[in-house]
Amino acid sequence: MAKNKSRNMQLEKDLHMAGINLPVHEFMFLKTMSSVGILFLGIFTVLILNVDAQIKLLIILFAAIAAILAPRYFIKSRVKIRQLNIQNQMPNIMDLLSVSIEAGLSFDSSLLKVIDRFSGPLVDELNQVYREVQMGRPRREALSALSQRSNVSELQTFASAVVQSEQYGTPMKNVLRSQAQQLRINRRQLAQEKGMKAPVRMMLPMVIFIFPVIFIILLGPTIINVLK
């Protein structure tokens with residue numbers, strides 16, 4: 001019982017990180033239906049194809065594996081895309097927060113301005129923080145909950161920085177501005193790192209798909225002449 005509850009809580013957290021606004025039981029129903037649909041599609045393919053029994057067995061086996069792994073891959077891919085969108089949004093939102101605070105607005109009013117100006121997964125998270133604070137929850141707890149339910153290190157750093165700024169009385173605008181600058185530096189370094197990895201990743205497709213074609217075009221006529 002406790003294991004199932006823990007599993008449901010983890011699934012609920014994964015759904016939230018993926019931006020899927022569905023209860024756990026509804027998602028489990030859709031997951032079951034999609035798995036059954038993939039399995040039946042494999043069986044239907046086997047019935048209409050006139051192939052060997054071994055190939056039919058491989059098709060059914062592939063459909064069964066896809067039925068199990070497809071929902072997991074779907075959630076993981078959605079989580080990854082949402083986290084990337086949050087990371088890309090953070091520098092601009094940190095700039096607007098710091099400018100709004102410099103203009104004399106409170107942190108809550110600055111959050112409201114960000115919510116009105118932008119849209120996206122990060123704004124949804126900040127909107128939830130704003131609603132919780134308006135309902136009477138302490139800002140420190142709301143930001144701590146934001147840090148716990150998100151798996152983005154930059155967002156966790158932002159939440160802890162704001163909490164520490166309130167505790168020690170440091171100017172929040174300086175904290176937000178320095179964070180925005182650091183986020184831009186990190187994003188530039190990450191782009192450079194991906195650019196350096198690109199040639200290595202391109203090597204395998206080139207060896208498998210491009211080089212054989214080049215060899216056939218260049219050496220094909222020579223081999224034919226030698227054979228003649």
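## Inside the fold: the cavity

A cavity, as the word is used here, is a set of grid points where a 1.4 Å probe fits but cannot get out. Search the whole structure for one of 30 Å³ or more and a single hit comes back: one cavity. Keep in mind that we're looking at a predicted model.

How much space lies in the largest cavity? About 50 Å³. Its lining is made up of Met17, Arg82, Gln83, Ile86, Glu125, Arg149, Ser150, Asn151 and Val152. Sort those residues of the largest cavity by class and you get three nonpolar, three polar and three charged. Helix H3 is the top contributor to this lining, with three residues.

## Open to the outside: the pocket

Now for the largest pocket, which comes in at about 260 Å³. Around the largest pocket sit Leu11, Asp14, Met17, Phe27, Lys31, Pro71, Arg72, Ile75, Lys76 and Val79. Three elements each put two or more residues into that lining: helix H1 (2-18), helix H2 (24-48) and helix H3 (53-102). Which of them gives the largest share? That's H3, with five residues.

As for chemistry, the lining of the largest pocket has six nonpolar residues and four charged ones, with no polar residues in the mix. Met17 is worth a second look: it turns up in the lining of the largest pocket, and it is also listed in the lining of the largest cavity.

## H4 against H5

On to helix packing. Two packed helices are described by the angle between their axes and the distance between the axes. For helix H4 (residues 107-117) and helix H5 (residues 121-134), the angle is about 140° and the axes are 10 Å apart. Roughly antiparallel would take an angle over 145 degrees, so this pair counts as oblique. The crossing of H4 past H5 is left-handed.

Who touches whom? On the H4 side you'll find Asp108, Leu111, Leu112, Val114 and Ile115, and they meet Val123, Leu126, Asn127, Val129, Tyr130, Val133 and Gln134 of H5. Broken down by class, the contact of H4 with H5 has nine nonpolar residues, two polar and one charged.

## H6 against H7

Helix H6 (residues 139-149) packs on H7 at an angle of about 160°, and their axes are 8 Å apart. That angle makes H6 roughly antiparallel to H7. H6 goes past H7 in a left-handed crossing.

From H6, the contact draws on Arg139, Arg140, Leu143, Leu146 and Ser147, while H7 brings Leu155, Gln156, Phe158, Ala159, Val162, Val163, Glu166 and Gln167. The class count for the contact of H6 with H7 is seven nonpolar, three polar and three charged residues.

## H7 against H8

Helix H7 (residues 153-168) also packs with helix H8 (residues 172-227), with an angle of about 160° and axes 10 Å apart. H7 and H8 are therefore roughly antiparallel to each other. What hand does the crossing of H7 past H8 have? It's right-handed.

In this contact, Glu154, Thr157, Phe158, Ala161, Val162, Ser165 and Glu166 of H7 face Met172, Val175, Leu176, Gln179 and Leu183 of H8. The contact of H7 with H8 splits into seven nonpolar, three polar and two charged residues. Some H7 residues do double duty: Phe158, Val162 and Glu166 appear in the contact with H8 and also in the contact with H6.

Conventions
Residues are numbered from 1 along each chain as its sequence is written. This is a predicted model: local features need pLDDT of at least 70, side-chain atom pairs count only at pLDDT 80 or more; totals for chains, interfaces and linings use all residues. Side-chain values use heavy atoms; hydrogens and water are left out. On a 1 Å grid over the protein atoms alone, a cavity is a set of points where a 1.4 Å probe fits but cannot get out, and a pocket is an open set with protein on both sides within 12 Å along at least five of seven lines; lining residues have an atom within 4 Å of a point. Grid points are joined across faces, edges and corners, and a volume is the space filled by probe spheres set on the points. Helices (H or I, at least four residues) and strands (E, at least two) are DSSP runs, numbered from the N terminus. Ala, Val, Leu, Ile, Met, Phe, Trp, Tyr, Cys and Pro count as nonpolar, Asp, Glu, Lys and Arg as charged, and the others, Gly among them, as polar. Axes are lines fitted to C-alpha atoms, for helices over the stretch in contact, and angles run from 0 to 180 degrees between N-to-C directions. Angles under 35 degrees count as roughly parallel, over 145 as roughly antiparallel, 65 to 115 as roughly perpendicular and the rest as oblique. A crossing is left-handed if the near helix is turned anticlockwise from the far one by less than a right angle, and right-handed if clockwise. Contact means heavy atoms within 4.5 Å.
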